[in-house]
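Hello,

Here is the structure I promised to pass on to you. Please have it open while you read, and my notes on what turned up in it follow below.

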Amino acid sequence: MTPVVEKVNLAQKLALIDEHWSPRVAGELNGQHVKLVKLLGEFPWHTHDAEDELFLVHRGSFRMELRDGVVELCAGDFLIVPRGVEHRPVADEEVEVLLFEPAGTLNTGDVRNERTRDELQRL
């Protein structure tokens, strides 16, 4: 059986997302998920004890608040939050982000609330 090779257009896939803080799986490789998400407002402080996370800004800007500082991210920037680092993304205006993290990573890490997504939709 030949594996499927398919091009993904970020803008087209992100246009299918109509809610904030609800990541969607856009692809998989080597046990990792490529997720797309729209952010707006503040997310709760949280950490991931076993997973690193990569945040790549496609459109817009946001800040990643860390307990020891703040990192401002704009379109084209990416940031890797190492496992165990407490963080909180904050977007004053809507921003489109690509996430790269191990499959099964819970979006709210060690926190469970109304934004926790146990099952992610696929695009």
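**Starting from R117**

R117 is placed in the segment after strand 7. Please keep in mind throughout that this is a predicted model. Is R117 buried, exposed or partly exposed? Its relative accessibility is 23%, so R117 counts as partly exposed; the cut-off for buried is under 20%.

Leaving aside residues up to four places away in sequence, R117 touches E19, W21, S22, P23, L106 and N107. If you would like a distance to check on your screen, try R117 and E94: these two are 23 residues apart in sequence, and their C-alpha atoms are 19 Å apart in space.

**W21 and A15, in the loop after the helix**

One of the residues that R117 touches, W21, deserves a look of its own. W21 sits in the loop between helix 1 (10–14) and strand 1. With a relative accessible area of 5%, W21 is buried. The backbone at W21 is worth a glance too: phi is positive there, at about 65°, although W21 is not a glycine. As background, most residues other than glycine have a negative phi.

The loop between helix 1 and strand 1 also holds A15. Unlike the buried W21, A15 is exposed, with 60% as its relative accessible area. A15 and K38 make another pair for your distance tool: 23 residues separate them in sequence, and from C-alpha to C-alpha they are 9.8 Å apart in space.

**The hairpin of strands 1 and 2**

Moving along the chain, strand 1 (residues 24–29) pairs with strand 2 (residues 32–42) in the antiparallel sense, over 5 bridges. Two places to find this pairing on your screen are V25, which stands opposite K35 in strand 2, and L29, which stands opposite Q32 in strand 2.

This hairpin has 2 residues between the strands. Which residue takes a positive phi in the hairpin? That is N30, with phi near 50°, a positive value in a residue other than glycine. N30 lies in the loop between strand 1 and strand 2, and at 75% relative accessibility N30 counts as exposed. So W21 and N30 both have a positive phi, but W21 is buried and N30 is exposed.

**How the other strands pair**

Strand 2 has a further partner in strand 7 (residues 87–102). How many bridges join strand 2 and strand 7? There are 10, and the two strands pair in the antiparallel sense. To find this pairing, look for H33, whose bridge partner in strand 7 is E101.

Strand 7 also pairs with strand 3, again antiparallel, over 5 bridges. Here R59 stands opposite E96 in strand 7. Strand 3 (residues 53–59) in turn runs antiparallel to strand 6 (residues 78–81), and 4 bridges join these two. In that pairing, the bridge partner of E53 in strand 6 is V81.

If you trace these pairings in order, you can go from strand 1 to strand 2, from strand 2 to strand 7, from strand 7 to strand 3, and from strand 3 to strand 6.

**The chain as a whole**

Stepping back, the chain has 1 helix and 7 strands. Read from the N terminus on, the order of the elements is α-β-β-β-β-β-β-β.

Why can the chain be called a match for a compact globule? For 123 residues, such a globule would have a radius of gyration near 14 Å, and the chain has 14 Å, so the two agree. The C-alpha trace spans about 50 × 30 × 25 Å along its principal axes.

Of the 123 residues, 38% count as buried. The accessible surface comes to about 7,100 Å², and carbon and sulfur atoms account for 50% of that. Among contacts between residues at least 6 apart in sequence, 66% join residues that are at least 24 apart.

Finally, on charge: the chain has 14 positive and 23 negative charges, and the mean positions of the two sets are 4 Å apart.

Happy browsing, and do write back with any questions.

Best wishes

Technical notes:
Residues are numbered from 1 along each chain as its sequence is written. This is a predicted model: local features need pLDDT of at least 70, side-chain atom pairs count only at pLDDT 80 or more; totals for chains, interfaces and linings use all residues. Side-chain values use heavy atoms; hydrogens and water are left out. The radius of gyration is taken over C-alpha atoms; the globule rule is 2.2 Å times the number of residues to the power 0.38. Buried means under 20% relative accessible area, exposed over 50%, partly exposed in between (1.4 Å probe, protein chains only). Contact means heavy atoms within 4.5 Å. Accessible areas come from the Shrake-Rupley method with a 1.4 Å probe; for residues, only the protein chains shown count as cover. Lys and Arg count as positive and Asp and Glu as negative; His and the chain ends are not counted. The place of a charge is taken as NZ of Lys, CZ of Arg, CG of Asp or CD of Glu. Two strands pair if DSSP finds at least two bridges between them.
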